[in-house]
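Welcome! Here are a few short exercises to help you find your way around a new structure. Try each task yourself before you read its solution.

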Amino acid sequence: EVERLLWRRQRWSEVMLDARSIDGKVTLERFATRSLADATADLSGEIDLVAERFDLTGSVRAPQPTVLLSRFGNVAPFAFARLAPAILRGRASGWRDHIDVDFELELEEIETKLAGVVAWPEAEGPSLELEVQARRPEYGTLLEKLALTAPGSADADDGPLQLTGRLHGRLDRQVSLAGTATLGVTRITGQITRHAAAPRPRWEARLSLNEPELHTLLPPLALAGLRIDPGLLALPIVGNWPRQPMALDWLSEIDAEVEISGRGGFAGEGLEVRAALKNRHITLERASIEALGGAIQGEASLHLDRPNPLFALALRLQQIDAAALAHLLDVPPVLHGALDLEAEASAIGDNAFELVRSLFGYAIVDLEGGRLLGLRSDAAPSEDGTRGWPGAAQLRRLAGRFEIRRGIARTEALTLDLDQAKGNVRGVIDLLLWVVDLD
């Protein structure tokens, strides 16, 4: 028994070794230690120093797994400190160039299995070829445990956490995880790759989503350091634009290329996204979604390599339900019908309020075969959105162009073609305060 041991700059305590060696073959009856953040390890097996081969079985129990990882230079997200204890059991056999492993990890009701080959040749980084399986019965309660959702908000019917995939690559170059994951009601299939590039790591993601929901996807993104500004998700925000700076610091820590497709959930009838992040410059090369009864397409860019972020957007809406769009924006449904809209704009600012206030661009609208509803402040719409709004008229066409300057959209000739009348509409829409003055 050894009370204290210093090995490779790590302090070990309460070390017990029971072994015998004959002609270069070491039989390890037991190796046990209680050290490193109160972690305990128990190991047994054989080591053949002549043939350069070992065959070991054992277990490690870590009451504070995040503290144990930090002792070896690995920093886990702070929320993971809530997951304890961790128990690892398994077997490993082979030598540095080829080690067969079969491990089971238990952590907060998450049962994980890792099986395959690990290699760590001299003068090279470790490489992995592992099959991965993980499962937890309830995904929602795990988010509560990690303090990523409010207590009591988890629904037992939300579904489990499941992962089946293959982890492969070299840790000092690139590592990929390919497979299928289930997060509650959301199913994800595809591949994520991390490249150990300089001056910052580069990530690639090719994913297909089925029934995606924000409340299932945002928590794991937050754990990875990719935090979405909550103010941008608190709809409706029109007329009440957040003034707090957007949380974009993490964008300077990585480069990324992302391709995502989806169906169901917030993806509606179909979602496609292709985007890139390089040197603090985000390019949304393509985004399209079938929603609100029609199709929405857009491209955008965000330059963060400057004192004030520069944002540019091109947006196309085709055959969108105008009333459904009004409901989403929390404004009265004055127009009913299929709306087409084309817009391009740019803005400067580090928060939504400044971006809207500095907005420059244009918008072209076109709505045919709908209805125009008169507006009265003391009236309220019924379930179909029409009764209670007097003066409804058949609308043959509403078309025109808005020029946008410093957050004010102005039109001089918006064509209005009703069943029994024609005319032009002029006026302004204050996008910052969301006030309309048209006549």
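The exercises below start with the whole chain and then turn to one residue and one hairpin. Keep in mind that this is a predicted model.

**Exercise 1. Describe the protein chain as a whole.**

Step 1. Begin with the secondary structure: the protein chain has five helices and 24 strands.
Step 2. Next, look at burial: 36% of the 439 residues are buried.
Step 3. Turn to the surface, where about 25800 Å² is accessible and 54% of that belongs to carbon and sulfur atoms.
Step 4. Finish with the contacts: of those between residues at least 6 apart in sequence, 42% join residues at least 24 apart.

**Exercise 2. Place Thr180 and decide whether it is buried, partly exposed or exposed.**

Step 1. Find Thr180 in strand 11, which covers residues 174–183.
Step 2. Read its relative accessible area, 22%.
Step 3. Buried would require under 20% and exposed over 50%, so Thr180 is partly exposed.
Step 4. List its contacts beyond the neighbours within four places in sequence: Gln162, Leu163, Thr164, Arg187, Ile188 and Thr189.
Step 5. Now compare sequence and space for Gly190: it lies 10 residues from Thr180 in sequence, with 6.6 Å between their C-alpha atoms.

**Exercise 3. Work out how strand 23 and strand 24 are arranged.**

Step 1. Locate strand 23 at residues 422–430 and strand 24 at residues 435–438.
Step 2. Check their direction: the two run antiparallel, joined by four bridges.
Step 3. Pick out a facing pair, Val428 and Asp437 of strand 24.
Step 4. Look at the connection: the strands form a hairpin with four residues between them, and Trp434 in the turn has a positive phi of about 55 degrees.

Note on methods
Residues numbered from 1 in each chain as written. Predicted model: local features only at pLDDT ≥ 70, side-chain atom pairs only at ≥ 80, totals over all residues. Heavy atoms only, no water. Pairing = 2+ DSSP bridges. Buried < 20%, exposed > 50% of the residue type's maximum accessible area, 1.4 Å probe, protein only. Contact = heavy atoms within 4.5 Å. Areas by Shrake-Rupley, 256 points an atom, 1.4 Å probe, with all protein chains shown as cover.
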